[in-house]
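Student: I should like to take a close look at one part of this structure. Please treat the packing of two helices and follow it outward into the elements around them.

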Amino acid sequence: MSTWLQNAWYVAAWDAEVESAPLARTICGTPMMFYRKLDRTVVALRDACPHRLLPLSMGLREGDAIRCKYHGLKLGPDGVAIEMPMRNDAPNKRICAESFVTHERHRYVWVWIGDREKADPALIPDLWPCSTEGWVFDGDYYHVACDYRLMIDNLMDLTHETHVHSGSIGQPEIMEAPIRTRVDGQDVIVERWIPGIDAPPFWRTALKQPGQVDRWQICRFVMPAAVMIDVGVAPVDAGATLEKHDQGVRGMVVDFMTPETETSHHYFWGMARNFDTSDPSITAQLKRQQGVVFAEDKEILEAQQRALAANPDLKLAAYNIDEGGTRSRHIIARAIRAAEEVTV
Ligand code: FES
Ligand SMILES: [Fe+2]
């Protein structure tokens, strides 16, 4: 049993990462390559030539097709052979590389893992802050050598901020505010409401007014592998609540963890905000800051993965702070089991 759900959409790349030159990326254990056709639509093929399995991503683009670098087999964007290595041989239409269904939404290229006929764009996770009017979104990509679920655990438990991010976003008040974990359908939510505090420097600048604020951090796990963290502050007298808090300044950390192997994943991280949306320098600054913070997580999680391998006789323990991650893992595992029961 794999650790990820089949028949689901996963982020394959940021839209700007895919251009006419092939991009090689292993998604959920399958080597794939992506490129754009002349009409800008995205092609996704198995990254192995049907002949001798050389990665197709090493090949050369010709129009909308790709020619293998080894013996020159030419495949169309549907993966079907259109020219054989020997020019006089008629193309054999049964020779083809597997092709995958893709869709672009929320600034990402998504790929469907599972039965092609089931690929329905309506099933793409609703990462609404990435593409909603009034919000600006940007971010970047890290390759992380750990099980994607360790990153979900990390994002669903922000107590680690105190120690891992002591130089940036870690703050004592965060650790003192109680958290509440709940499940809403297939989403898991960890809420933290921090009333009547002095806004930390970042949020003070964003709010552009003095006085005490209410602050919130609401982590939401979204199947199959996303975490969105609603963060921000509002003046105390503005009447913001956990349920409704558009009175102040608000950001949404949006993270998608696409499994590469059982012990590595593609980390697409970013932040959307609804303040100072016309100032690109803030977008760039946020991205820089986030890059530093998430590099700190990457270092910790890769060390954790190595420790898991080095201590096969030991198990992860779960304390109260881990409830968000634990519940998210249960929802993933339950969905995988349910899908397997249907297939059997
Ligand atoms: S390996 Fe691709 S043509 Fe031979
Ligand atoms: Fe972190």
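At what angle do H1 and H5 pack, and how far apart are their axes?

Tutor: The model is a predicted one, and the description below should be read in that light. Two packed helices are described by the angle between their axes and the distance between the axes. For H1 and H5, the angle is about 130 degrees and the axes are 10 Å apart. H1 is therefore oblique to H5. An angle counts as oblique when it falls outside the ranges for roughly parallel, roughly antiparallel and roughly perpendicular, the limits being under 35 degrees, over 145 degrees and 65 to 115 degrees respectively. The crossing of H1 and H5 is right-handed. On the H1 side, the contact is made by Leu150, Met151 and Asn154. On the H5 side, Asp297, Leu301, Gln304 and Gln305 take part.

Consider first the helix H1, which covers residues 148–155. Eight of the eight residues of H1 are buried, so this helix is largely enclosed by the rest of the structure. The buried residues are Tyr148, Arg149, Leu150, Met151, Ile152, Asp153, Asn154 and Leu155. Leu150, Met151 and Asn154, which meet H5, are thus named among the buried residues of H1.

The partner, H5, runs over residues 280–310 and has 31 residues. From its first C-alpha to its last it reaches 45 Å, close to the 45 Å expected at 1.5 Å a residue. In H5, Leu286, Gln290, Phe294, Asp297 and Leu301 are buried. Asp297 and Leu301 also belong to the contact with H1. The buried residues of H5 pack against H1, but also against helix H2 (161–164) and the strands S11 and S17. These two strands lead from the helix pair to the sheet pairing.

Strands of a sheet pair through backbone hydrogen bonds, either parallel or antiparallel. S11 comprises residues 136–144 and pairs with S17 in the antiparallel sense over nine bridges. Within this pairing, phenylalanine 137 stands opposite alanine 272 in S17. S17 itself spans residues 264–273 and is mostly covered, with nine of its ten residues buried. S17 is also joined to S16, residues 249–261, by ten bridges, and these two strands run antiparallel. One position in that pairing is valine 254, whose bridge partner in S17 is glycine 270. The connection from S16 to S17 is a hairpin that passes through two residues.

A single residue ties several of these elements together. Tyrosine 267 has its place in strand S17. Tyrosine 267 counts as buried because it has 24 C-beta neighbours inside 10 Å, where the cut-off for a buried residue is 20 or more. Leaving out residues up to four places away in sequence, tyrosine 267 touches Tyr141, Tyr142, Val144, Met151 and Met257. Met151 is one of the H1 residues in the contact with H5, and Met151 is also listed as buried. Tyrosine 267 and aspartate 140 are 127 residues apart along the chain, yet their C-alpha atoms are separated by 8.4 Å.

For contrast, leucine 207 may be set beside tyrosine 267. Leucine 207 lies in helix H4, residues 201–207. With 18 C-beta neighbours inside 10 Å, leucine 207 counts as partly exposed. Its contacts, leaving aside neighbours within four places in sequence, are Ala199, Val213, Val233, Gly248 and Val249. Leucine 207 is 115 residues from aspartate 322 in sequence, and the two C-alpha atoms are 32 Å apart in space.

Two open sheets complete the account. One has three strands in the order S1-S10-S9, with antiparallel pairing. S1 (8–14) and S9 (102–105) stand at its edges, each with a single partner strand, so one side of each is left without a neighbour in the sheet. The twist averages 35 degrees from one strand to the next. S1 and S10, the latter covering residues 108–113, are antiparallel and joined by six bridges, and tryptophan 9 stands opposite tryptophan 112 in S10. The other open sheet has four strands in the order S5-S6-S7-S8, also with antiparallel pairing. Here S5 (60–62) and S8 (81–83) are the edge strands, each with a single partner, so one side of each has no neighbour in the sheet. S5 pairs with S6, residues 65–67, over three bridges in the antiparallel sense, and the bridge partner of leucine 60 in S6 is arginine 67.

Technical notes: Residues numbered from 1 in each chain as written. Chains lettered and ligands numbered in written order. Predicted model: local features only at pLDDT ≥ 70, side-chain atom pairs only at ≥ 80, totals over all residues. Pairing = 2+ DSSP bridges. Buried ≥ 20, exposed ≤ 12 C-beta atoms within 10 Å, placed from the backbone. Expected span 1.5 Å × (residues − 1). Contact = placed C-beta atoms within 7 Å. Axes fitted to C-alpha atoms, helices over the stretch in contact; angles between N-to-C directions. Left-handed = near helix turned anticlockwise from the far one by under 90°.
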